[in-house]
Amino acid sequence: MSYPRPKSPNMQNYRPQLTSVMSFGHRLSGVALGLFAFGLAGWLLAGAAGPVAFECAQAVMLSGGGRVVLFAATLAVFYHLCNGIRHLIWDSVHAFELRSIYAGGWAVVVASLILTSALWLWVLT
């Protein structure tokens, strides 16, 4: 009697690791940046369409939901940038030890949060 083999990865036994979460986050932030580019293009088109359209676009951007989206876009930019720099370091054949991989991963998370917070504090003051 043969039992069907589990499909890979076996989700009952899988535990996400920092490296897999960082990889997924990098891909997700890249997709998000592509989508945010459409919003930026819409904002620029509204500016070119005239003051009424621009005021409407500004009202959307400055609303509570708009600010949440702008914050997410800022975080995506800095996360993707910092993680991209980490990948460039790997491309130079450095920091491949497990300890360095985890330290670099946490450094990306911390740097992204610090840079996003610093930019928003600077803009809002």
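User: How many aromatic pairs does the rule give here, and what makes two rings a pair?

Analyst: The count comes to three aromatic pairs, where rings of Phe, Tyr and Trp (its six-membered ring) pair if their centres lie within 6.5 Å. This is a predicted model, in which local features need pLDDT of at least 70 and side-chain atom pairs count only at pLDDT 80 or more, while totals for chains, interfaces and linings use all residues. Residues are numbered from 1 along each chain as its sequence is written, and side-chain values use heavy atoms, with hydrogens and water left out.

User: Why is the pair of Trp43 and Phe54 called tilted?

Analyst: The ring centres of Trp43 and Phe54 are 5.8 Å apart and their planes stand at 45°; planes under 30 degrees apart count as stacked, over 60 as edge-to-face and the rest as tilted, so this pair is tilted.

User: Why is Trp122 called exposed?

Analyst: Trp122 has a relative accessible area of 64%, and exposed means over 50%, buried under 20% and partly exposed in between (1.4 Å probe, protein chains only), so Trp122 is exposed.

User: Why do Trp43 and Phe54 count as partly exposed?

Analyst: Trp43 has a relative accessible area of 27% and Phe54 has 26%, so both values fall in between the limits for buried and exposed.

User: Why is Gly105 called buried, and which residues is Gly105 in contact with?

Analyst: The relative accessible area of Gly105 is 0%, so Gly105 is buried. Leaving aside neighbours within four places in sequence, Gly105 is in contact (heavy atoms within 4.5 Å) with Leu18, Met22 and Arg86.
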